[in-house]
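This walkthrough takes a few charged contacts as its starting point and then widens to the helices and the whole chain. Please keep the structure in view while reading.

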Amino acid sequence: MDQNASSPAEALAEIQRTQRSAYAHQHLPIWYTPAFIAAVTLLGIGTELHGAARSGTLAAAALVLGLAVAGLSRTTRVRWRARTWTLAAGAEFGAWVASIAVVMGVTGLAIGAADYEPILQRAVIGLVGAAYSALTLRWIERRVLARTAGKVVR
């Protein structure tokens, strides 16, 4: 028997180390979640408009979303599969997405008390949501990756 041959356990450990290393170097671009929120904000603003302004705003929202997805697919080196996510990682990510919704909702309530135009309200809510998501992105990435890194899909 060859002395250099590794056992199945050693081979699995090496695969897990490689995956951990690859996942550790994989990050969402900071611009991605704010771009997504900007697209959603443009959609919301578009619903307040009429005629050509509405069509233009909705088209701009679709363009922003398409560019964000295209940009993300060009920068992603490690392909995620649903089976690599654990329940804990999914719950953690879901809680983060819910926290963005809460921040945007609380912002809406706070500025809703003032007499702003609906379009301005939606723009401010979008800006706050985008800023919050950008500021918390690396934190949630570390938490989620800690729960998915090294998981071998069988």
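Glu141 is buried, because its relative accessible area is 8%, under the 20% cut-off. The model is a predicted one. Glu141 forms a salt bridge with Arg138, and the closest N and O atoms of the pair are 2.8 Å apart. Arg138 is partly exposed, with a relative accessible area of 28%. Both residues belong to helix H5, where 3 residues, or about one turn of the helix, separate them.

A network of salt bridges with shared partners joins Glu92, Arg143 and Arg147. Within this network, Arg143 pairs with Glu92, with 2.4 Å between the closest N and O atoms. This pair links distant parts of the chain, since Arg143 is in helix H5 and Glu92 in helix H4 (residues 87-112), 51 residues apart. Glu92 is buried, at a relative accessible area of 15%, whereas Arg143 is partly exposed at 31%.

In total, the structure holds 4 salt bridges. Another of them is formed by Arg122 and Glu48, whose closest N and O atoms are 2.9 Å apart. Arg122 lies in helix H5 and Glu48 in helix H2, so this salt bridge ties together parts that are 74 residues apart in sequence. Arg122 counts as partly exposed at 33% relative accessibility, and Glu48 also counts as partly exposed, at 31%.

How do the two helices joined by that pair run relative to each other? The axes of H2 (residues 32-48) and H5 (residues 118-148) come within 8 Å and cross at roughly 170 degrees. H2 is therefore roughly antiparallel to H5. On the H2 side, the residues in contact include Thr33, Pro34, Ile37, Thr41 and Gly44. On the H5 side, they include Ile119, Ala123, Gly126, Ala130 and Leu137. Glu48 and Arg122 are also among the contact residues. By class, the contact comprises 9 nonpolar, 7 polar and 2 charged residues.

For the protein as a whole, the secondary structure comes to 5 helices and 0 strands, in the order α-α-α-α-α from the N terminus. Among contacts with a separation of 6 or more, 80% are between residues 24 or more positions apart. Of the 154 residues, 29% count as buried. The protein exposes about 9,700 Å², and carbon and sulfur atoms supply 66% of this area.

Definitions and conventions:
Residues numbered from 1 in each chain as written. Predicted model: local features only at pLDDT ≥ 70, side-chain atom pairs only at ≥ 80, totals over all residues. Heavy atoms only, no water. Axes fitted to C-alpha atoms, helices over the stretch in contact; angles between N-to-C directions. Helix = DSSP H or I, 4+ residues; strand = E, 2+ residues; numbered from the N terminus. Parallel < 35°, antiparallel > 145°, perpendicular 65-115°, else oblique. Contact = heavy atoms within 4.5 Å. Nonpolar A, V, L, I, M, F, W, Y, C, P; charged D, E, K, R; others polar. Buried < 20%, exposed > 50% of the residue type's maximum accessible area, 1.4 Å probe, protein only. Areas by Shrake-Rupley, 256 points an atom, 1.4 Å probe, with all protein chains shown as cover. Salt bridge = Lys/Arg side-chain N within 4 Å of Asp/Glu carboxyl O.
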